[in-house]
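Me: Please take a close look at the charged pairs in this model. I would like to know which side chains meet, how covered they are, and what lies around them.

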Amino acid sequence: MIQKLIRTAFEAREKAYVPYSHFAVGAALLTKEGRIYTGCNIENAAYTPTNCAERTAVFKAVSEGERALQTIAVVGGREAEGEGEVDYCPPCGVCRQVLQEFCDPETFEVILAKSETEYKILKLKELLPYGFGAENL
């Protein structure tokens, strides 16, 4: 399943709309039900309305009624870089916070990949050790 998620993230990355940064990111989100939702980053000339690949995937899943998220694979790099040429691309702080809203940071896995065979698996709590969640309200 790890290789499938990474491959799917690379496929999603091909759809990225990045005319300004030329930094394309793809994500593949696996739910506990076994469904996969993809996302790519979508830029905007005003920058603030830009949406990251991870949030695109989460919002697609949530808009379809999914709330039990399990794992996300993230790949990213300059547009011209292909699989094996990219470096690890961790989610930004906003994406980490959105992920925490819909998953358990203790168990949710984030796969950072350069290729289908070169990757790291981290728990969200490692990327967001002091995240703000519903328990803080």
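Reply: Let's start with a term for how covered a residue is: buried means under 20% relative accessible area, exposed means over 50%, and partly exposed is in between (1.4 Å probe, protein chains only). The model is a predicted one, where local features need pLDDT of at least 70 and side-chain atom pairs count only at pLDDT 80 or more, while totals for chains, interfaces and linings use all residues. Residues are numbered from 1 along each chain as its sequence is written, and side-chain values use heavy atoms, leaving out hydrogens and water.

Now for the pairs themselves. Side chains of opposite charge can pair when their charged atoms come close. We call it a salt bridge when a side-chain nitrogen of Lys or Arg is within 4 Å of a carboxyl oxygen of Asp or Glu, and by this rule the model has six of them.

A good place to begin is Lys114, which pairs with Asp87, with 3.7 Å between the closest N and O atoms. Lys114 sits in the loop between β4 (109–113) and β5 (119–123), and Asp87 in the loop between β3 (69–78) and α3 (93–102), so this salt bridge ties together parts that are 27 residues apart in sequence. Those names follow a simple rule: helices (H or I, at least four residues) and strands (E, at least two) are DSSP runs, numbered from the N terminus. The two partners are not covered to an equal degree: Lys114 is buried, at 18% relative accessible area, whereas Asp87 is partly exposed, at 48%.

Lys114 has another partner too. Its side chain also meets that of Glu118 in a salt bridge, at 3.6 Å from N to O. Glu118 is partly exposed, with a relative accessible area of 37%. Put the pieces together and you have a network of salt bridges linking Asp87, Lys114 and Glu118.

Next, look at Glu109 and Lys123, whose side chains form a salt bridge at 3.4 Å, N to O. Glu109 belongs to strand β4 and Lys123 to strand β5, 14 residues apart, so this pair links distant parts of the chain. Both ends have some access to the outside: Glu109 is partly exposed at 26%, and Lys123 is partly exposed at 27%.

What lies around these strands? Phe108 is a helpful guide: leaving aside neighbours within four places in sequence, Phe108 is in contact (heavy atoms within 4.5 Å) with several residues, among them Leu29, Ile72, Leu99, Leu122, Leu124 and our salt-bridge partner Lys123. Phe108 also belongs to a nonpolar core, meaning a set of buried Ala, Val, Leu, Ile, Met, Phe, Trp, Tyr and Cys residues joined through side-chain atoms within 4.5 Å. The largest such core has 23 residues, and Leu29, Ile72, Phe108 and Leu124 touch the most other members. At least two of its residues come from each of β1 (23–31), α2, β3, α3, β4 and α4 (124–127). The largest share, five residues, is supplied by α2. Another core, of 11 residues, lies apart from this one and includes Ile6, Leu30, Ala73 and Val86.

Since α2 gives so much to the main core, it deserves a visit. Eight of its 11 residues are buried, so α2 is largely enclosed by the rest of the structure. Those buried residues are Ala53, Glu54, Arg55, Thr56, Ala57, Val58, Ala61 and Val62. Among the elements that cover them are β1, β2, β3 and α3. After the helix comes Gly65, with a positive phi near 95°.

Finally, step back to see the whole chain. There are four helices and five strands, and along the sequence they follow the pattern α-β-β-α-β-α-β-β-α. The C-alpha atoms fill a box of roughly 40 × 35 × 30 Å along the principal axes. Of the 137 residues, 46% are buried. Among contacts with a separation of 6 or more, 63% are between residues 24 or more positions apart. The bridge from Lys114 to Asp87, whose parts are 27 residues apart, is a nice one to find on your screen.
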